[in-house]
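Trainee: Could you take me through one small part of this structure in detail? I'd like to see what sits around a single loop and who its neighbours are.

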Amino acid sequence: DLETINFGESDLTGSIPTTLATLLNLHAAFFEKNFLTGNYLRRYFLGWKQIRDVDFGRKSLNGTIPAE
């Protein structure tokens, strides 16, 4: 199963595909230096039980990260 995804510095725009929420064994996700939008992050974090490292840094995200 996929454990790491790295879309950093890929000039992505728009929202993250909802299919990524099904990556239940994901340990790391990198999206830095992109231009992503949407208030959909909760569905990812609830499904990513094994996640240890997430990077949405450097102006790459428009939305909120859940406190829970």
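**A loop and a strand beside it**

Mentor: Sure, and keep in mind that this is a predicted model. Buried residues make up 34% of the 68 residues in the chain. The chain has one helix and six strands, and from the N terminus they come in the order β-β-β-β-α-β-β. The spot to zoom in on is the loop between β3 (28-30) and β4 (35-37), where you'll find Asn34. Asn34 counts as buried because its relative accessibility is 0%, and the cut-off for buried is under 20%. Now look at what its side chain is doing. A polar atom there lies 2.9 Å from the backbone oxygen of Phe31. The backbone oxygen of Glu32 also has a polar atom of the Asn34 side chain at 3.2 Å.

Next, bring in Asp55, which belongs to strand β5 (residues 53-55). Asp55 is 24 residues from Phe31 in sequence, yet their C-alpha atoms are 5.8 Å apart in space. Once you set aside neighbours within four places in sequence, Asp55 is in contact with Ala29, Phe30, Phe31 and Glu32. So Phe31 and Glu32 turn up again: Asp55 touches both, and their backbone oxygens are the ones facing Asn34's side chain at 2.9 Å and 3.2 Å. As for cover, Asp55 is partly exposed, with a relative accessible area of 24%. Stepping back to the whole chain, residues 24 or more positions apart account for 61% of the contacts with a separation of 6 or more.

How values were computed. Residues numbered from 1 in each chain as written. Predicted model: local features only at pLDDT ≥ 70, side-chain atom pairs only at ≥ 80, totals over all residues. Heavy atoms only, no water. Helix = DSSP H or I, 4+ residues; strand = E, 2+ residues; numbered from the N terminus. Buried < 20%, exposed > 50% of the residue type's maximum accessible area, 1.4 Å probe, protein only. Contact = heavy atoms within 4.5 Å. Polar contact = N/O pair within 3.5 Å; in protein donor to acceptor, adjacent residues only side chain to side chain.
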